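Q: I am new to this structure and would like a close look at a single part of it. Please take me through that part slowly, and then show me what surrounds it.

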Amino acid sequence: MRLDLEALIGTSKPQSLPVVMGARLGEHADRTRFVIELSDPVKFRMFTLANPNRVVLDLPDVLWRIQGGPQKPSGTGAVKAYRYGQFRPGNARFVIDLNMPVNVAEPLVLPPQDGYGYRVVIDLFPSTQAAYEKKSGWPADLRPKAPVVSAIPSAPKSEGAKRVIVIDAGHGGLDSGTVGVDGTQEKDVVLAVAKRLGKELQRRGYITYLTRDTDVFIPLYSRTPLAHAKRADLFVSLHADSNPNPSVSGASIYTLSEKGSDREAAALAQKENQSDIIAGVDLTGDNSSVASILIDLAQRDTMNKSSRFAEAVLSKLKNATDILPREPHRSAAFVVLKSPDVPAVLIELGYLSNARDCARMGTDAWRSGVASSIADAVDGHFESVTAAAGPSQSASP
Ligand code: ZN
């Protein structure tokens with residue numbers, strides 16, 4: 001629902017953060033009921049988004065004390081799955097993925113009773129897609145502004161200016177990314193490596209920016225524009241992968257292409273591109289800015305540089321970790337790599353679904369080793385770029 005379904009439960013201001021104690025699903029013949037239990041009254045807002053269909057419930061900062069994680073829906077009701085977590089500072093969020101279009105009833109707020117805390121009761125009734133879409137959309141005050149991504153390259157930096165590297169730790173906040181065999185979350189591993197890489201590059205004289213330096217959600221569409229705004233010379237996005245086959249292991253690297261070098265790479269890009277959907281970001285209307293930047297001839301040079309850098313990373317990274325044996329450098333349509341003028345790569349540091357990869361990703365030694373080998377590749381890349389800027393452009397590998 002697009003209307004500002006904002007409800008104020010009570011008026012007292014809690015001394016400390018309200019606690020979310022439970023989230024339950026009730027699947028009935030005529031409706032699916034979603035109940036959230038809280039220690040304190042909170043201000044909340046609910047709206048629905050289409051494509052894919054989701055219900056978003058925004059709360060202020062809360063403490064999460066839900067036992068046992070999200071409940072598994074049966075699959076026959078309106079709810080496909082749900083998740084919760086910090087969306088951004090001051091804003092916690094539930095995102096409910098739907099199996100079908102629904103009509104969301106006005107939330108019911110129940111005071112503490114029978115050992116329960118405050119309960120917010122949301123009933124979802126089956127509806128039609130047309131009716132659902134009519135009521136769906138981002139509330140006007142929250143609608144994300146489409147970032148301006150200029151296709152015009154930024155002015156070249158002056159001679160001798162320091163190189164700028166933007167390091168992008170994937171996922172964050174509500175979007176945990178992939179989850180490892182021992183419960184390790186991708187968002188935490190990549191943030192730890194991003195911070196180390198940033199420090200290491202600064203030590204070597206580069207200027208670095210991190211798209212995030214805390215456990216917070218950053219929409220995909222605002223990650224790439226940062227690189228453009230900072231006139232970055234390189235954009236490095238860090239991720240960790242998973243595979244249904246637990247024996248698959250090793251690091252791999254991705255550069256941008258429209259079609260994808262193979263089905264697996266295309267599927268991975270699709271998975272990584274889900275980040276905004278997972279966190280309940282409205283993609284209608286604003287995705288055009290980043291998602292559909294045309295990869296034209298003007299970008300050929302950027303893409304060549306990206307590929308050269310990817311090869312440099314692989315050659316250094318093998319000193320610090322295992323590399324995926326088969327085709328470790330591939331390409332696909334990753335939203336986060338769609339920068340017209342900043343060479344960009346996405347590194348999958350290893351497989352959290354592989355016990356050995358997962359275990360070492362948790363160690364300081366591995367994280368430091370990986371960070372310094374990527375920094376070595378950055379050094380090598382700029383040495384070769386400077387050399388290639390001589391008589392003629394060097395051919396891409
Ligand atoms: Zn990822």
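Which residues coordinate the zinc ion, and through which atoms?

A: In this predicted model, the zinc ion is coordinated by His 171 through NE2, by Glu 186 through OE, by His 239 through ND1, and by Glu 272, which is listed with OE twice, at 2.0 to 2.5 Å. Along the chain, these donors follow the spacing H-x14-E-x52-H-x32-E. His 171 lies in the loop between S12 and H2, whereas His 239 lies in strand S14, so the pair ties together parts that are 68 residues apart in sequence. Both His 171 and His 239 are buried.

From His 239 one can move on to Leu 349, since contact with His 239 is part of a list for Leu 349 that, leaving aside neighbours within four places in sequence, also includes Val 190, Val 193, Leu 238, Ala 240 and Trp 366. Leu 349 is in turn one of the residues with the most contacts inside the largest nonpolar core, which has 37 residues, and the others named with it are Ile 165, Leu 238 and Ile 347. Among the elements that give two or more residues to this core are strand S12 (164-169), helix H2 (186-203), strand S14 (234-241) and strand S17 (344-351), while H9 gives the most, with eight residues. Apart from this core lies another, of 29 residues, among them Val 55, Leu 59, Phe 94 and Val 102. As a general background, nonpolar side chains in soluble globular proteins tend to be buried together.

Conventions. Residues are numbered from 1 along each chain as its sequence is written. This is a predicted model: local features need pLDDT of at least 70, side-chain atom pairs count only at pLDDT 80 or more; totals for chains, interfaces and linings use all residues. Side-chain values use heavy atoms; hydrogens and water are left out. A nonpolar core is a set of buried Ala, Val, Leu, Ile, Met, Phe, Trp, Tyr and Cys residues joined through side-chain atoms within 4.5 Å. Buried means under 20% relative accessible area, exposed over 50%, partly exposed in between (1.4 Å probe, protein chains only). Helices (H or I, at least four residues) and strands (E, at least two) are DSSP runs, numbered from the N terminus. Contact means heavy atoms within 4.5 Å. Donors are N, O and S atoms within 2.8 Å of the metal (3.2 Å for Na, K and Ca); water is not among the atoms, so sites may look incomplete.
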